[in-house]
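Subject: Handing over the model

Hi,

Here is the structure I promised to pass on. Please have it open while you read, as my notes follow below.

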Amino acid sequence: MTAIASLNSNNCDGAVTLLAGDMFAMLIGIEGECFLCRNGSFRVRPGLHGIDSPTSEMLSKLCTLGSSFRALESFIETHLSQYRGVYCAAVADALDVFLDEYRESILKAQSLFDSHPATPLSSLIYDLHQYFNFFPVLVDTIEEISQRELSGCRLLSYLHKTVHQAPDIQKPFSLLLGECLHVFLQQVSDWIAYGTLSDDHGDFLVHRVFDSKEKRGMEYRGVWDDYDINAEQLLDFLSINTQKLIVELGLYTLLLKENEYICM
């Protein structure tokens, strides 16, 4: 980590020399001497010498990336350290994979700046231009997920809606949706093929009714009362009849397993 920067400002790009270390640290969410982070947002430390107005504007633009990265990384750490269901964990993992590409881009850019200190800031901004499009929309997405406490199939439904983005920002949303779909299809497979609920967090569209026998009394129908559709986790993009069919197929599997056990 470098000390407060001295800048070569012979051009409007303000080529970075000693400032580079703090700048690249800021781009991956780390506060330093030259960049302050307040309430989750980075800004250039006031009073740095040798920074002209165009350079200050470009550094402030780069600060938006560092702020967004910090917010996204915080979301990942929260959802991996405080288990909130397999769907939330899948989203956090997918987001981390996407951020790995950004981290690699920052390392490559830092290597270039280290070997060519006169590289203009405008070159760095150009190289990272796609993240200026990705990050704001991703931050809005994770904020809504957190505020609405979305999880399970509700989270999958929400991501299915958000995936319809402009082509230039669709990539990360396709990644998040793909990971959630993988979880959902695995749960459907376990339920239909084995009658197994691989879910201990109420994330799936099927749930176990534990007191069904006591509630139904003489009208108790076995597995038909032991499991039901989970109204809180219905999918928006599948018809209710399709989701009921998924429930029924798993129940038939359980009946077949019970009959097999009786025959033995």
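Which residue stands opposite V44 in β2? F35 does. Before going further, two points on conventions. This is a predicted model, in which local features need pLDDT of at least 70 and side-chain atom pairs count only at pLDDT 80 or more, while totals for chains, interfaces and linings use all residues. Residues are numbered from 1 along each chain as its sequence is written, and side-chain values use heavy atoms, with hydrogens and water left out.

**The hairpin**

β1 (35-38) and β2 (41-44) pair in the antiparallel sense over four bridges; strands count as paired if DSSP finds at least two bridges between them. Helices (H or I, at least four residues) and strands (E, at least two) are DSSP runs, numbered from the N terminus. Besides the F35 position, L36 stands opposite R43 in β2.

The side chains of β2 alternate: F42 and V44 point to one face and are buried, whereas S41 and R43 point to the other and are not. Here buried means under 20% relative accessible area, exposed over 50%, and partly exposed in between, with a 1.4 Å probe and protein chains only.

Two residues separate the strands of this hairpin, and N39 takes a positive phi near 55° there. N39 is a residue other than glycine, and at 84% relative accessibility it counts as exposed.

**Helix α1 and what surrounds it**

Helix α1 covers residues 20-27, and eight of its eight residues are buried. Among them are D22, M23, F24 and L27. The cover over these buried residues includes both hairpin strands, along with α2 (53-81), α3 (86-115) and α4 (121-127). After α1 comes G29, with a positive phi near 85°.

How do α1 and α2 meet, and at what angle do their axes cross? The axes come within 7 Å and cross at roughly 40°. Axes are lines fitted to C-alpha atoms, for helices over the stretch in contact, and angles run from 0 to 180 degrees between N-to-C directions. The two helices are therefore oblique to each other; angles under 35 degrees count as roughly parallel, over 145 as roughly antiparallel, 65 to 115 as roughly perpendicular and the rest as oblique. On the α1 side the contact (heavy atoms within 4.5 Å) is made by M23, M26 and L27, and on the α2 side by L59, L62, C63, L65, G66 and F69. These residues divide into eight nonpolar, one polar and no charged. For the classes, Ala, Val, Leu, Ile, Met, Phe, Trp, Tyr, Cys and Pro count as nonpolar, Asp, Glu, Lys and Arg as charged, and the others, Gly among them, as polar.

With α3 the arrangement is as follows: the axes of α1 and α3 come within 10 Å and cross at roughly 175°. That makes α1 roughly antiparallel to α3. M23, F24 and L27 of α1 meet Y102, I106, A109, Q110 and F113 of α3, a contact with seven nonpolar, one polar and no charged residues.

**The core**

A nonpolar core is a set of buried Ala, Val, Leu, Ile, Met, Phe, Trp, Tyr and Cys residues joined through side-chain atoms within 4.5 Å. The largest one has 73 residues, of which M23, L27, F35, L62 and F135 touch the most other members. The helix that gives the most to this core is α3, with 13 residues.

**Further along the chain**

L156 lies in helix α6 (residues 152-162) and is buried, with a relative accessible area of 0%. Leaving aside neighbours within four places in sequence, L156 is in contact with Y87, L177, C180, L181, F184, L235 and F237. L156 and V91 are 65 residues apart in sequence, yet 9.5 Å apart in space, C-alpha to C-alpha.

Two exposed positions are also on my list. E149 is found in the loop between α5 (129-148) and α6; its phi is positive, near 50°, in a residue other than glycine, and its relative accessible area is 63%. S81 lies in helix α2 and counts as exposed at 58% relative accessibility. The C-alpha atoms of S81 and G66, 15 residues apart along the chain, are separated by 22 Å.

Best wishes
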